[in-house]
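Please open the model in your viewer and keep the sequence panel beside it, since each stop on this tour begins with a selection. The route goes from one pair of helices to the sheets, then to a second pair of helices and a single loop residue.

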Amino acid sequence: MSGQNKTLGEFIIENQTAFKYTTGELTRLLNSLRLAAKVVNHEVNKAGLVDIIGAAGDVNIQGEDQQKLDVYANEVFIQTLKKRNIVCGIASEEEDDFISINSQDSNHQNKYVVLIDPLDGSSNIDVNVSVGTIFSVYRRITPVGSPVTIEDFLQEGHQQVAAGYIVYGTSTMLVYTTGAGVNGFTLNPAIGTFYLSHPDMSFPEDGQIYSCNEGNYIHFPQGIKDYIKYCQKEEGDRPYTSRYIGSLVSDFHRNMIKGGIYLYPKSSKNEKGKLRLLYECNPMAFLAEQANGKASDGFQRILDIKPTELHERVPFICGSKNMVEKAEEFERNALKK
Ligand code: P6P
């Protein structure tokens with residue numbers, strides 16, 4: 001890593017004028033996410049060495065065993081955001097309800113709400129497979145000066161002012177957008193600094209990789225079954241390669257670099273799909289569109305879905321534009337049969 005590469009801190013400052021709202025708060029918010037990412041990364045990287053792995057014994061609202069690292073990551077991001085006195089509210093996969101940050105913001109002047117999946121793919125921790133943090137930022141819509149409400153969190157994804165992820169993989173990267181493209185930063189662990197390593201990230205329009213849990217194939221809607229058979233057919237540039245890590249940020253990240261499509265459709269096991277709209281699908285869809293990709297539920301743009309509940313799930317298809325559009329075509333055609 002050349003020292004000449006721009007650091008994340010320098011990049012945020014240089015681009016803050018591009019934020020249409022900024023009074024420096026979004027800059028401070030992004031910097032606090034950067035700090036939290038480094039703290040969590042330190043623990044994730046040594047998870048195999050200390051007794052931090054293993055279910056914390058609790059079960060979160062999703063009905064999933066909470067791994068201690070889940071709980072830890074959740075606490076780090078929430079406390080870091082609270083201490084910086086920047087946001088008026090936080091929602092997390094690990095919290096049943098949203099958290100109103102009133103302590104220091106006694107007159108409710110903070111403008112932003114943050115939604116996070118603090119450690120997505122946590123079931124991979126025990127087998128040393130990469131996991132990630134996903135974040136989504138909105139400007140509150142209820143009047144500044146009043147307590148934050150659920151409406152501030154149930155905004156359509158196209159209202160996001162920033163979104164990104166940290167992938168704790170062979171290297172730790174922070175990838176984010178504020179609506180002016182997608183940029184990736186790699187952590188130099190020796191000095192604890194993120195450096196710009198992937199400027200202007202963009203999905204190739206086409207790709208030859210499809211990512212889905214084919215173990216659910218028999219439960220998929222017919223259109224998705226037809227699309228998967230299309231991916232596997234010997235024709236033209238097919239069969240495609242099947243790659244599925246079981247960690248959304250990792251599958252998304254690889255597909256954005258190499259070209260590909262990620263699918264988590266609804267099924268008879270998950271009537272609405274598995275992924276959560278607010279803190280998984282919306283931030284990844286914002287990133288995808290900013291990187292010339294596409295994200296839908298098979299029929300409509302993810303960023304146009306009006307949320308009704310904090311932890312609601314949606315079917316999710318995301319990646320290279322031409323691949324997503326082909327999958328959508330199979331879904332539409334199946335309905336005509
Ligand atoms: P399955 C992890 O729990 C996650 O939310 C995503 O990161 C991942 O892509 C998906 O669920 C894996 O789900 O059912 O294939 O194990």
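## First stop: two helices near the start of the numbering

Select Leu8, Gly9, Ile12 and Ile13 in α1 together with Thr27, Leu30, Asn31 and Arg34 in α2, and you will have the residues through which these two helices meet. By class, this contact of α1 with α2 is made up of four nonpolar, three polar and one charged residues. The model you are looking at is a predicted one.

Now extend the selection to the full helices, α1 at residues 8-15 and α2 at residues 25-45, whose axes come within 10 Å and cross at roughly 165 degrees. With an angle over 145 degrees counting as roughly antiparallel, α1 and α2 are therefore roughly antiparallel to each other. Viewed as a crossing, the passage of α1 over α2 is right-handed.

## Second stop: the sheet of eight strands

Move next to the open sheet of eight strands, which can be followed in the order β4-β3-β5-β6-β7-β8-β9-β10 and has mixed pairing. Its edges are β4 (99-100) and β10 (193-198), each of which pairs on one side only.

Within this sheet, select β7 (residues 162-168) and β8 (residues 172-177), which pair in the antiparallel sense over six bridges and form a hairpin with three residues between them. Two pairs are worth labelling here: valine 167 has methionine 173 in β8 as its bridge partner, and glycine 164 stands opposite tyrosine 176 in β8.

Continue from β8 to β9, where five bridges join the two strands in an antiparallel arrangement, and where valine 175 has glycine 184 in β9 as its bridge partner. These strands, too, form a hairpin, with four residues between them, and glycine 179 in the turn has a positive phi of about 95 degrees.

Stay with β8 for a moment: is this strand enclosed or open to the outside? Six of the six residues of β8 are buried, so the strand is largely enclosed by the rest of the structure. In a regular strand the side chains alternate between the two faces of the sheet. For β8 both faces are covered, with Thr172, Leu174 and Tyr176 buried on one side and Met173, Val175 and Thr177 buried on the other.

To see a helix that lies against this sheet, add α6 (residues 277-290), which lies across β3 (87-92), β5 (112-120), β6 (131-139), β7, β8 and β9 (182-188) and runs at about 80 degrees to β6.

## Third stop: α5 beside α6

Keep α6 selected and add α5 (residues 248-258), which packs with α6 at an angle of about 10 degrees, the axes being 12 Å apart. Angles under 35 degrees count as roughly parallel, and α5 and α6 are therefore roughly parallel to each other. The crossing of these two helices is right-handed.

For the side of α5 in this contact, pick Leu248, Val249 and Phe252, which meet Glu280, Met284, Leu287 and Ala288 in α6. The residues of this contact divide into six nonpolar, no polar and one charged.

## Fourth stop: the sheet of five strands

Turn now to an open sheet of five strands, ordered β12-β11-β13-β15-β14 and again with mixed pairing. Here the edge strands are β12 (241-242) and β14 (293-296), each pairing on one side only. Select β11 (residues 209-211) and β13 (residues 261-264) to see a parallel pair held over two bridges, in which tyrosine 210 has isoleucine 261 of β13 as its bridge partner. Then show α7 (residues 321-336), which lies across β11, β13, β14 and β15 (316-320) and runs at about 145 degrees to β15.

## Last stop: proline 265

Finally, centre the view on proline 265, which is placed in the loop between β13 and α6. At 4% relative accessibility, proline 265 counts as buried. Leaving aside residues up to four places away in sequence, its contacts are with Phe220, Pro221, Ile224, Gly273, Pro315 and Phe316. One of these, phenylalanine 220, is 45 residues apart from proline 265 along the chain, yet their C-alpha atoms are separated by 6.8 Å.

Terms used:
Residues numbered from 1 in each chain as written. Predicted model: local features only at pLDDT ≥ 70, side-chain atom pairs only at ≥ 80, totals over all residues. Heavy atoms only, no water. Pairing = 2+ DSSP bridges. Contact = heavy atoms within 4.5 Å. Axes fitted to C-alpha atoms, helices over the stretch in contact; angles between N-to-C directions. Parallel < 35°, antiparallel > 145°, perpendicular 65-115°, else oblique. Left-handed = near helix turned anticlockwise from the far one by under 90°. Nonpolar A, V, L, I, M, F, W, Y, C, P; charged D, E, K, R; others polar. Buried < 20%, exposed > 50% of the residue type's maximum accessible area, 1.4 Å probe, protein only.
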